[in-house]
Amino acid sequence: MNYILFGMQGSGKGTQSKYLAEHLNLEVFETGEALRSLAEEGSELGNKVKAIMESGNLVPIEVVMEIIENFLTNLPEGKSVLFDGIPRSKEQQKNFDILMKKKGMDFTAILIEISEEEAIRRLTNRRICSKCKTVFPATYKENRCKDCDSELISRSDDTPNAIRIRLNNFTKKTMPVIEDYKSKGKIISINGEQSIEAVRDEMLSKIN
Ligand SMILES: [Zn+2]
């Protein structure tokens, strides 16, 4: 089975995505990362992506879909995929669903649910390592990075206002996609307002 993992910023999606991919031996597709590695590759598509990114423009949806299709075509035999946060808008969803149908690939979507208040609380309280950029949640009480012993700082874009704007994007653009999948019985909801381990266990027991 293939999976889509949805979760608002602050839901712990990144951590759970890594865990799920390892546990189920899935190939992860994450748009930002896919774009960056393509741009370095030097292929025709890679050069196109590089030019768009260097111009500071958003990569258009057709290109994103081409990248996903490319990724699926080169998928090792028998491997399934974890789509991390894709599709993130109704427009992407339309194209994504067509592509998945064309490839004969079915999927289940997992939503790690947290309230907006909880997301804001977590995001305003998290800190980042000034050197290696590792992110530490509010529950981490030390003042130095556990990996490189550098100072931890608050991210300058983690002001309540900036956070609200980012979350708003999720609510406005991505929630309609989730609602649509929900109405088609494709969504498994997980309570994200519990410990990382509890979220992981709930996720595993519900997908089995
Ligand atoms: Zn560090």
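**Exercise 1. In the predicted model, establish which residue E27 stands opposite in β3, and then follow the strand pairings that lead outward from β3.**

Solution. E27 stands opposite V81 in β3, and this pair is a convenient place to enter the predicted structure.

Step 1. The strand β2, made of residues 27-29, is joined to β3 by three bridges, and the two strands run parallel.

Step 2. On β3 there is also a pairing with β1, again in the parallel sense and over three bridges; here the bridge partner of L5 is D84.

Step 3. From β1 the path goes on to β4, since these two strands pair in the parallel sense over six bridges, with F6 standing opposite L111 in β4.

Step 4. β4 in turn pairs with β8 (residues 187-191), in the parallel sense and over five bridges, and in that pairing I110 stands opposite I188.

**Exercise 2. Determine which way the side chains of V81, L82, F83 and D84 point from β3, and whether these residues are buried or exposed.**

Solution. Begin with the general expectation, then turn to the strand itself.

Step 1. In a regular strand, side chains alternate between the two faces of the sheet.

Step 2. In β3, V81 and F83 point one way, whereas L82 and D84 point the other way.

Step 3. All four of these residues are buried, and F83 is also among the residues with the most contacts inside the largest nonpolar core.

**Exercise 3. Describe the largest nonpolar core, naming the residues with the most contacts inside it and the elements that give two or more residues to it.**

Solution. Work from the residues to the elements, and then to one residue in detail.

Step 1. The core has 34 residues, and those with the most contacts inside it are Y3, I4, L5, F6, F83, I110 and L111.

Step 2. Two or more residues are given to this core by each of the strands β1 (2-7), β3 (81-84) and β4 (107-113), and by each of the helices α2 (31-41), α4 (61-73), α6 (116-125), α7 (160-183) and α8 (196-207). The largest share, five residues, comes from α7.

Step 3. Taking I4 as an example, and leaving aside residues up to four places away in sequence, one finds that I4 touches F83, I86, F107 and A109.

Step 4. Such a grouping fits a general tendency: in soluble globular proteins, nonpolar side chains tend to be buried together.

**Exercise 4. Compare the span of helix α1 with the value expected for its twelve residues, and work out where its buried residues lie around the axis.**

Solution. Treat the length first and the buried residues afterwards.

Step 1. Helix α1 covers residues 13-24, and at 1.5 Å a residue it should span 16 Å; the end C-alpha atoms are 16 Å apart, which agrees.

Step 2. K13, Q16, S17 and L20 are buried in α1. Viewed down the helix axis, the buried residues fall within an arc of 105°, and therefore they line one face of α1.

Step 3. The partners of these buried residues are β1, β2, β3, β4 and α8, against which they pack.

Step 4. Just after the helix, N25 takes a positive phi of about 55°.

**Exercise 5. Decide whether L72 is buried, partly exposed or exposed, and find how far its C-alpha atom is from that of E27.**

Solution. L72 lies in helix α4.

Step 1. Around L72 there are 17 other C-beta atoms within 10 Å. A residue needs 20 or more to be buried and 12 or fewer to be exposed, so L72 is partly exposed.

Step 2. Although L72 and E27 are 45 residues apart along the chain, their C-alpha atoms are separated by 9.8 Å.

**Exercise 6. Give the strand order of the open three-stranded sheet, and explain why β6 and β7 each have one side without a neighbour.**

Solution. Start from the order of the strands.

Step 1. The order is β6-β5-β7, and the pairing is antiparallel.

Step 2. β6 (135-136) and β7 (152-153) stand at the edges with a single partner strand each, so one side of each is left without a neighbour in the sheet.

Step 3. Two bridges join β5 (residues 127-129) to β6, and the bridge partner of I128 in β6 is V135.

Conventions. Residues are numbered from 1 along each chain as its sequence is written. This is a predicted model: local features need pLDDT of at least 70, side-chain atom pairs count only at pLDDT 80 or more; totals for chains, interfaces and linings use all residues. A nonpolar core is a set of buried Ala, Val, Leu, Ile, Met, Phe, Trp, Tyr and Cys residues joined through C-beta atoms within 7 Å. Helices (H or I, at least four residues) and strands (E, at least two) are DSSP runs, numbered from the N terminus. Two residues are in contact if their C-beta atoms, placed from the backbone, lie within 7 Å. Two strands pair if DSSP finds at least two bridges between them. The expected span of a helix is 1.5 Å times one less than its number of residues. The arc is that of the directions from the helix axis to the C-beta atoms.
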